[in-house]
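Trainee: I am new to this structure. Please take one part and look at it closely with me.

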Amino acid sequence: MRNMRSLIVELKALSDMDEDEVFTFLKKIRAHYDLVAQMKKKSRLPIVHSATEGIVTLVGATLMM
């Protein structure tokens, strides 16, 4: 759950960045520009996340929100 929360926080921060900050972020995480630009545009990961075993209880679902 902690990793998912930190990912959501970083995606929100990415959507608020200007172009110079995006390039600094690219260097920090060592990613391709096209991938990060797509994430910035859509405000989500470009892949489908499947958490089949991760959200089993109501507590788990609440932590994901």
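Trainee: Let us take helix 2. Which of its residues are buried, and which are exposed on the face turned away from them?

Mentor: Start with the setting. This is a predicted model. The protein chain has four helices and zero strands. From the N terminus on, its elements run α-α-α-α. Helix 2 spans residues 19-29.

Next, confidence. Across the protein chain the average pLDDT is 76, and 68% of the residues score at least 70. Helix 2 has the highest mean among the elements, at 88. Helix 4, residues 58-64, has the lowest, at 58. Where pLDDT is low, the predicted coordinates should not be read in detail. Helix 2 is the element to read here, with that highest mean pLDDT.

Now your question. The buried residues in helix 2 are Val22, Phe25 and Leu26. Look down the helix axis. These buried residues fall within an arc of 105°, so they line one face of helix 2. The spacing has a general background. An α-helix has 3.6 residues a turn, so residues three or four places apart point the same way. Turn to the face directed away from the buried side. Asp20, Thr24, Lys27 and Lys28 sit there, and they are exposed.

What does the buried face join? Val22, Phe25 and Leu26 belong to the largest nonpolar core, which has eight residues. The other members are Leu11, Leu14, Met17, Val36 and Met39. Helix 1 (2-15), helix 2 and helix 3 each give two or more residues to this core. Helix 2 gives the most, with three. Follow one partner from the core. Leave aside the neighbours of Leu11 within four places in sequence, and Leu11 is in contact with Met39, Arg44 and Leu45. Met39 is a core member too. Keep the whole chain in view as well. Of its 65 residues, 14% count as buried.

Helix 2 also takes part in an aromatic pair. The structure holds one such pair. Its members are Phe23 and Tyr33, and they are stacked. The ring centres lie 5.3 Å apart, with 10° between the planes. Those planes count as stacked because their angle is under 30 degrees. The pair links distant parts of the chain: Phe23 lies in helix 2, Tyr33 in helix 3 (residues 33-42), and they are 10 residues apart. Are the two residues buried or exposed? Each falls in between. Phe23 is partly exposed, with a relative accessible area of 42%. Tyr33 is partly exposed as well, at 36% relative accessibility.

Finally, go past the end of the helix. Just after helix 2 comes Arg30, with a positive phi of about 55°. Arg30 lies in the loop between helix 2 and helix 3. Most residues other than glycine have a negative phi. Arg30 has its positive phi although it is not a glycine. At 78% relative accessibility, Arg30 counts as exposed.

Put the picture together. One face of helix 2 is lined by its buried residues, and these join the largest nonpolar core. The face turned away carries exposed residues, among them Asp20 and Lys28. Phe23 stacks with Tyr33 of helix 3. Arg30 follows in the loop.

Definitions and conventions. Residues numbered from 1 in each chain as written. Predicted model: local features only at pLDDT ≥ 70, side-chain atom pairs only at ≥ 80, totals over all residues. Heavy atoms only, no water. Phe/Tyr/Trp six-rings, centres within 6.5 Å; stacked < 30°, edge-to-face > 60°. Buried < 20%, exposed > 50% of the residue type's maximum accessible area, 1.4 Å probe, protein only. Core = buried A, V, L, I, M, F, W, Y, C linked by side-chain atoms within 4.5 Å. Contact = heavy atoms within 4.5 Å. Arc of directions from axis to C-beta. pLDDT = per-residue confidence, 0-100.
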